[in-house]
Amino acid sequence: MSYKHLILEKKDAVATIKIHRPEALNALNKDVLTELTVVVKELEKDTNVKAVILTGEGKAFIAGADIKQMKDMTMLEAKQFAEQGHQLLSMIEQSRLPYIAAVNGYALGGGCEVMMACDIILASAQAKIGQPETNLGIHPGFGGTQRLPRLVGITKAKELLLTGDPIDAHEALRIGLINKVVEPEKLLTEAEALAQKLTQKSGIQTSFIKALVNKGINIDLPSACSLEIASFSSCFATEDQKEGMSAFLEKRKPSFKEK
Ligand code: CAA
């Protein structure tokens, strides 16, 4: 399928989605959200793909939800828009695939929210990250009030949400919001190297680990630990477990078959 606002590239087992709406700093309108939903579903089914990079064209990763489109929304339209955003971000979070956000510039509002739904976040030293919605007379609608405190703690999350002030990539790293700061010209190369590394892992384990962390963080510890026990035991029904352990004992690299 061809996209109006996205560029999709595949190299080996890595897919790169670039949001391409530079005239509006890659702001998320309904069409962009729809295209992202379609591409995420497409990649989920593509068994040749084992890792995904999400990035933006130009000076922004995503400058937020589209303010022009939101300005005259009714309450019902705003609800449907927020639901559309939440659905997309849940799909990314619950995907079998590891998503790497390569944050090339502004990641504000909905952009910060998309970034937070990804599994590993690399940010250019030029990135500016934040939740400025309060300055528009609204609050985040794609999960910002929920994922931000889970990632950085309530104290810092409230500061960012209440002031609306953006932070730079180094501060984002310091508070645990992102994984690494990268020089702008090296961002995509680093993201690709990381993605290639992830494609060498067992995809079954990648999806198990994502599910355990994402589910476990939202429930009590004893229940979460029970989930881990059940999931751990099911690893032993896979060929990848036999291969991984045999390879270790035979002092060779494993060759996982996703079975
Ligand atoms: N929606 C729609 N259009 C946007 C946009 C957005 N979120 N962000 C930027 N644009 C547009 C601008 O209107 C401008 O278009 P025109 O040339 O037609 O005027 C174009 O992109 C370039 O933007 P600027 O001229 O403002 O660029 P700048 O370099 O001076 O500033 C910026 C960059 C600081 C990111 C500034 O554009 C900005 O503050 N953008 C809005 C950020 C924001 O408030 N995001 C939150 C949106 S609400 C949200 O996301 C809700 C939610 O949780 C679902």
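**Close-up 1. Helices H5 and H6 cross in a right-handed manner.** In this predicted model, H5 packs against H6, which spans residues 154-163, at an angle of about 140° with the two axes 7 Å apart. That angle makes H5 oblique to H6, because a pair counts as roughly antiparallel only over 145 degrees. From H5, the contact draws on Gly-144, Thr-145, Leu-148, Pro-149 and Val-152. Facing them from H6 are Ile-154, Lys-156, Ala-157, Leu-160 and Leu-161. Sorted by class, the residues of this contact comprise 7 nonpolar, 2 polar and 1 charged.

**Close-up 2. Helices H1 and H3 meet in a left-handed crossing.** Here we turn to H1, residues 30-45, and H3, residues 75-93, whose axes come within 10 Å and cross at roughly 25°. H1 is therefore roughly parallel to H3, since angles under 35 degrees fall in that class. On the H1 side, the residues in contact are Lys-30, Leu-33, Thr-34, Leu-36, Thr-37, Val-40 and Lys-41. Their partners in H3 are Phe-81, Gln-84, Gly-85, Leu-88, Met-91 and Ile-92. The contact of H1 with H3 contains 7 nonpolar, 4 polar and 2 charged residues.

**Close-up 3. Helix H3 also packs against helix H4.** The axes of H3 and H4 lie 8 Å apart, at an angle of about 25°. With that angle, H3 and H4 are therefore roughly parallel to each other. H3 brings Leu-89, Ile-92 and Glu-93 to the contact, and H4 brings Glu-113, Val-114 and Ala-117. This contact has 4 nonpolar and 2 charged residues, with no polar ones. Ile-92 may look familiar from the previous view: this H3 residue also meets H1.

**Close-up 4. The largest pocket holds about 900 Å³ of space.** If you are looking for the middle of the pocket, start with Glu-93, Cys-118, Asp-119, Val-213 and Asn-214, which lie nearest its centre among the 37 lining residues. Glu-93 is also one of the H3 residues that meet H4. By class, the lining of the largest pocket splits into 15 nonpolar, 14 polar and 8 charged residues.

**Close-up 5. Several helices and a strand share the lining of the largest pocket.** Which element gives the most to this lining? Helix H9 does, with 9 residues. H9 covers 203-216, and at least two lining residues each also come from H3, H4 (110-117), strand E7 (120-124) and H5 (144-152). Some of these elements appear in the earlier views too: H3 packs with H4, and H5 packs with H6.

Conventions. Residues are numbered from 1 along each chain as its sequence is written. This is a predicted model: local features need pLDDT of at least 70, side-chain atom pairs count only at pLDDT 80 or more; totals for chains, interfaces and linings use all residues. Side-chain values use heavy atoms; hydrogens and water are left out. Axes are lines fitted to C-alpha atoms, for helices over the stretch in contact, and angles run from 0 to 180 degrees between N-to-C directions. Helices (H or I, at least four residues) and strands (E, at least two) are DSSP runs, numbered from the N terminus. Angles under 35 degrees count as roughly parallel, over 145 as roughly antiparallel, 65 to 115 as roughly perpendicular and the rest as oblique. A crossing is left-handed if the near helix is turned anticlockwise from the far one by less than a right angle, and right-handed if clockwise. Contact means heavy atoms within 4.5 Å. Ala, Val, Leu, Ile, Met, Phe, Trp, Tyr, Cys and Pro count as nonpolar, Asp, Glu, Lys and Arg as charged, and the others, Gly among them, as polar. On a 1 Å grid over the protein atoms alone, a cavity is a set of points where a 1.4 Å probe fits but cannot get out, and a pocket is an open set with protein on both sides within 12 Å along at least five of seven lines; lining residues have an atom within 4 Å of a point. Grid points are joined across faces, edges and corners, and a volume is the space filled by probe spheres set on the points.
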